[in-house]
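Here's a quick briefing to read with the structure open beside you. It starts with a question about a side-chain pair, then moves on to the overall make-up, the helix packing and a few individual residues.

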Amino acid sequence: MDCNVFTPVQLPCGRIAENRLVKAAMYEHMSNFSGGPPNDFHYGLYSEWAKHGWGMVITGNVQVSPRHLTLGRDIVVPTTLNEDDLRPFERLAEIIHGDADHTRSLAILQLSHAGRQSPNLIGGRPPFIAPLAPSPIRVGASHPGRGAIADLLFQTLFQVPKAMTTEDIFHVQSSFVRGAVLAHKSGFDGVQLHAAHGYLLAQFMNPKSNIRSDDYSIAPENVSRMLFETVEAIRKEVPSTFVIGIKINSADYVTSGGSEGANQHGEQRILDHIRTIASWGLIDFIEISGGDYEKPDFLMSSGPQKSDRQAFFAQFSQVVMKDLHRSPAAFSSIPLILLTGGLRSPFHLQIALASRHADLLGIGRGAVLCPDLPRILRLKTQNVAFPSLWDENPFAHEPEAVLRASNWISSVKLVGGSVGTAWYTIRMRDVAVSQIENPGVDPPPVDYNRGGLISVFKLWVWFHFSKTSSRVPRIFLALVVAIGVLYYH
């Protein structure tokens with residue numbers, strides 16, 4: 001495998017990513033508070049990434065159900081697909097495609113359903129209406145004993161979900177299909193189904209959230225049925241060249257601090273799931289990620305685990321790569337592996353490719369701090385004769401010091417993770433506003449003086465009404481969203 005970051009790679013559907021750099025999905029929190037279509041803030045943000053030649057750009061999660069939002073300000077798939085419904089998505093796809101250095105980024109719409117992780121108050125449902133999930137198991141129920149604050153937080157934010165009927169399952173599957181048709185009609189090159197971080201598709205494959213005994217149980221013959229039927233239904237409605245990717249957990253299968261035997265069993269289980277997914281011959285790429293609301297490892301931005309291994313999941317993704325290429329499936333149908341997490345320096349990008357840890361390299365927070373990363377790396381490629389000499393310096397300074405909070409906050413991972421998420425979300429908002437006000441101009445310098453708790457506050461108390469709007473609604477909404485100041489994504 002060519003280890004050059006700028007070597008094009010073909011996906012099984014025939015589409016080509018012009019380089020291996022992928023702007024990974026991140027939560028953006030820029031839609032209307034009750035959810036809605038892309039708006040000027042999304043256009044401004046993605047116009048910045050579009051300038052610099054990413055091989056693939058994956059949007060933040062787009063909810064297929066308006067009644068299962070995450071933090072309220074989600075992009076939502078519309079219930080109808082008429083011209084007016086399509087127009088905002090068409091504009092977003094057009095902006096992502098860009099034309100930076102003659103590189104046309106593949107535009108991928110990430111589709112998601114929060115399931116039981118859709119919270120009270122801001123999840124898009126009337127009060128006391130439970131979210132849908134495979135089984136009636138509340139978030140946090142399988143991890144008791146984390147402390148009074150953490151337990152109270154889970155009980156306040158999440159209620160016991162309603163177990164889905166077969167009709168509910170079919171309806172959700174059709175919602176994902178509608179999302180994929182929306183993407184295709186709007187000019188996106190494909191979709192990514194979010195089956196990670198404890199969202200609904202992941203809930204069906206996890207014994208801590210699925211205790212069903214029907215055809216959608218976690219029995220080996222059933223565990224991937226929900227995902228397979230969704231993918232199969234999408235494939236019937238889109239062209240064969242339409243990209244379909246899946247984001248899947250590694251951390252969901254391995255217990256932090258668990259025994260070696262338990263972790264080996266978990267690794268074998270996820271390998272079996274990925275083998276099954278690859279055997280369908282329907283998937284173009286699989287993103288390796290990890291963590292969920294009960295174990296939000298994917299949110300944490302610092303710690304000894306990261307310093308010991310820059311890419312959290314690199315070792316596991318290497319195992320997956322070897323396993324898939326030993327399979328009897330035709331080489332052209334083997335999904336590409338997208339590694340996301342901890343790739344923070346040019347050297348580690350090269351190592352990930354050269355060591356066969358991945359086919360594609362996902363950059364999330366690094367893409368926020370350094371949206372022009374592809375351009376910078378191209379200059380390095382031109383100026384450094386041997387890529388192996390690329391330095392290990394991070395793409396950009398990370399705000400770990402300013403994100404330190406009080407001991408009680410850092411002890412509650414659900415909240416501690418939210419501090420970093422909020423900081424990066426506010427930075428994305430800064431970039432978006434800068435491009436709305438001055439298109440084509442470089443974004444303002446990163447504000448490393450902005451503290452973590454201030455970022456959490458600004459994440460929620462944010463208004464973009466006209467100056468003539470009444471102050472009364474602003475004050476009222478500020479009081480409402482203050483409830484979520486300590487809530488995370």
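Which side chain does Arg450 join through a polar contact of 2.9 Å? The partner is Asp430: the side chains of Arg450 and Asp430 are joined by that 2.9 Å polar contact. Keep in mind that this is a predicted model.

**The chain overall**

- You're looking at a chain with 16 helices and 14 strands.
- There are 489 residues in the chain, and buried residues make up 58% of them.
- Take the contacts in the chain with a separation of 6 or more: residues 24 or more positions apart account for 77% of these.

**Arg450 and its setting**

- Arg450 sits in the loop between helix H14 (413-437) and helix H15 (452-460).
- The relative accessible area of Arg450 is 10%, under the 20% cut-off, so Arg450 counts as buried.
- Back to the opening question: the contact of Arg450 with Asp430 is between side chains.

**Helix H1**

- Helix H1 covers residues 40-50, and 9 of its 11 residues are buried, so call this helix mostly covered.
- Among the buried residues of H1 are the aromatics Phe41, Tyr43, Tyr46 and Trp49.
- His42, Gly44, Leu45, Glu48 and Ala50 of H1 are buried too.
- Look at the start of H1 for Asn39: a side-chain oxygen of Asn39 comes to within 2.9 Å of the backbone nitrogen of Phe41.

**H1 against H2**

- Helix H2 spans residues 83-97, and its axis and that of H1 come within 8 Å, crossing at roughly 20 degrees.
- That angle is under 35 degrees, so H1 and H2 are roughly parallel.
- H1 and H2 make a right-handed crossing.
- On the H1 side, the contact uses Asp40, His42, Tyr43, Tyr46, Ser47 and Ala50.
- On the H2 side, the contact uses Pro88, Arg91, Leu92, Ile95 and Ile96.
- Sorted by class, the residues in the contact of H1 with H2 are 7 nonpolar, 2 polar and 2 charged.

**H2 against H4**

- H2 also packs with H4, at an angle of about 60 degrees and with the axes 8 Å apart.
- This angle makes H2 oblique to H4.
- The crossing of H2 and H4 is right-handed.
- H2 brings Leu86, Phe89, Glu90 and Ala93 to the contact, while H4 brings Leu182, Lys185 and Ser186.
- The class split for the contact of H2 with H4 is 4 nonpolar, 1 polar and 2 charged residues.

**H4 against H6**

- Helix H4 (residues 166-186) has another packing partner in helix H6 (residues 225-235): the axes come within 9 Å and cross at roughly 40 degrees.
- H4 and H6 are therefore oblique to each other.
- H4 and H6 pass each other in a right-handed crossing.
- From H4, the contact residues are Ile169, Val172, Gln173, Phe176, Val177 and Ala180.
- From H6, the contact residues are Met226, Glu229, Thr230, Ala233 and Ile234.
- The contact of H4 with H6 has 8 nonpolar residues, plus 2 polar and 1 charged.

**Two partly exposed residues**

- Gly124 belongs to the loop between strand S7 (106-112) and strand S8 (132-133).
- With a relative accessibility of 37%, Gly124 counts as partly exposed.
- Gly124 and Leu71 are 53 residues apart along the chain, and their C-alpha atoms are separated by 9.2 Å.
- Setting aside residues up to four places away in sequence, Gly124 touches Pro66, Arg67 and Leu69.
- Ala163 is found in strand S9 (residues 162-163).
- Ala163 is partly exposed as well, at a relative accessible area of 34%.
- Between the C-alpha atoms of Ala163 and Ala133 there are 5.3 Å, with the two positions 30 residues apart along the chain.
- Beyond neighbours within four places in sequence, Ala163 is in contact with Ala133, Pro134, Ser135, Pro136 and Asp168.

Definitions and conventions. Residues are numbered from 1 along each chain as its sequence is written. This is a predicted model: local features need pLDDT of at least 70, side-chain atom pairs count only at pLDDT 80 or more; totals for chains, interfaces and linings use all residues. Side-chain values use heavy atoms; hydrogens and water are left out. Axes are lines fitted to C-alpha atoms, for helices over the stretch in contact, and angles run from 0 to 180 degrees between N-to-C directions. Helices (H or I, at least four residues) and strands (E, at least two) are DSSP runs, numbered from the N terminus. Angles under 35 degrees count as roughly parallel, over 145 as roughly antiparallel, 65 to 115 as roughly perpendicular and the rest as oblique. A crossing is left-handed if the near helix is turned anticlockwise from the far one by less than a right angle, and right-handed if clockwise. Contact means heavy atoms within 4.5 Å. Ala, Val, Leu, Ile, Met, Phe, Trp, Tyr, Cys and Pro count as nonpolar, Asp, Glu, Lys and Arg as charged, and the others, Gly among them, as polar. Buried means under 20% relative accessible area, exposed over 50%, partly exposed in between (1.4 Å probe, protein chains only). A polar contact is a pair of N or O atoms within 3.5 Å; within protein, one must be able to donate a hydrogen and the other to accept it, and residues adjacent in sequence count only if both atoms are side-chain atoms.
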